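Colleague: Could you take a close look at one strand for me and walk me through its surroundings? I'd like the pairing and the burial in one go.

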Amino acid sequence: MRQRKRREVNQDSAAIKTANKRLSMDMGVHGPDVVVVDSHESDRLKRPRSDDACLRGPSFSIRETEDRGRSMHATSSLCKNKTIITEIPMAALQLPESALQCTTCDRCLRAVGTIAEHLQLLAGRKDPPSLPLAEDDDGLLASLVRCRRRECDAVFCSADCEAKAHLEYHEPLCTSSPKRRRLLREFTKHALAENETFIFGGRLVASVHTRARRAQTACTVCHGLRRCCGACLDRAQAELAAFCRAVWWDITEPDFKGEGTADPALSEAAASVGAMGKPALGERTSLSAAERASFKRQLRSAAATSHELLVSAFEEPTSQWLTLHKWGEVLGLARRNCLCVEYASPVAEIIPTLRAWSASGAGRCARCRLVTPSRRGLADRSTMGANCSLRLMLCGCLWCSVCRGWTNPPRPLTPPIFERSRRSSTMRREISALLDALPTKSPSMLGTALYPNIACANHDCDPNAEVHFCDESALATLVATRSIAKGEEICISYIECKAPLQTRRTELREYGFLCSCRKCSQQAAWHRRLRSRHA
């Protein structure tokens, strides 16, 4: 699931034009040279002429090529660190293991709630702890807005995000029907036991279901009917048609790393043929034909169970188009096209500050750890210039109004300001107990998301661009890592590009191609020369 994508050659130009209709720009925030794309706001989309061959923006275009399928190319010279595109995901999902440690918006994956609530979740406490925050800082990360349906557990970062989620995908997932809620719970339980890709695939199917119902209300053919007409179903599936959609059980490869896999279906299938863990007879890197057939039958069986539950929960119009083969294509789409979303835990900065506050005593500043100066004079001027004019701030830090700097500059991500007032020993013991219950390393927020335009960037083991995530959410920005000439293809790396050649080729096998980039070609030639010398 945490995979990027492989664009295949068999994508036709009609699918390109369908994806091209998502382009929109926001010149006020990001400047005239940055494309900001929201895949769902179709009313603001820039629609190309019917004879357009590619999607064009100020910095890039998407083209169809013979050898590499859809690809992204620079339409102008780009300097290093240049932002190429900023894109809102078409669909996003927080990974189940991350949801146990961080509460995020169901739509944009932004951390919601307060710092105290996140610390409560990490420490496994019943109540949120009391923190020594200043009166002007309540530690709020983002508003926590619950779904309009009381039966639903989803939370959002704003009322606007909640409303958009219901318009895009969430309505069929939080149904008021007890029967459908039960089927969806069974679907989720099965997906957690088998493969998290099923949950993301279910979200994509829900978005198609929602678009089909919306198209039906404006259709003169099927309005008022239970079943949708073919035209409405085609329009509802148009956004998925632009992605490569190889069948999931045909492209999924077993894990030969000797560490097992998070997917029980893969583990069971591979264990039955002795491919997982540590084989008794050396390291294995492939399966025989009979073993591979058994492996894929196990995967297909798991997908068939999830397909049956999902179709039963959604009923019409999903049952009209979602055959088992189509479900396999949706899962394959998620497997090959999604990006892994990762950013630091929202409490990553506050935990070291809490440790400093707990260990230093009431007379120290928790942010810069300097001794608080007394009212009669300064405790230490050794770090300041001779002409500096110092001011005692709320937290005890020394601020110079002449050179406008701190005696000890704070970290780039400044944690909330702590009160300078003396705290009781009771709170210190409570904070100390909280810190002892926290994990040694703050976990990151992990998720997966689908970006229609960034997904068009092909792979290269020496990429000229990389993806960053803005504002601690799923908002993705594609940034140039070096200068890119006009007309040059914009590429990212789907894997760890510093890995050895054979490791990279093994990991890329799932994407269905053998990488022949300049880096791989040079290393392969070097290996061939080295083998010839020792022959």
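Modeller: Here's a walk around strand 18, with its neighbours and its burial.

This is a predicted model, where local features need pLDDT of at least 70 and side-chain atom pairs count only at pLDDT 80 or more, while totals for chains, interfaces and linings use all residues. Residues are numbered from 1 along each chain as its sequence is written, and side-chain values use heavy atoms, with hydrogens and water left out.

Strand 18 covers residues 476–480; strands here are DSSP E runs of at least two residues, numbered from the N terminus. Five of its five residues are buried, so the strand is largely enclosed by the rest of the structure (buried means under 20% relative accessible area, with a 1.4 Å probe and protein chains only). A476, L478 and A480 point one way, T477 and V479 point the other way, and all are buried.

Now the partners; two strands count as paired if DSSP finds at least two bridges between them. Strand 5, residues 83–88, runs antiparallel to strand 18 over four bridges, and I85 has L478 as its bridge partner there. Strand 17, residues 465–469, also pairs with strand 18 in the antiparallel sense, this time over five bridges. In that pairing, E466 is bridged to V479. Strands 17 and 18 make a hairpin with six residues between them, and D471 in the turn shows a positive phi of about 55°.

Notes
Buried means under 20% relative accessible area, exposed over 50%, partly exposed in between (1.4 Å probe, protein chains only).
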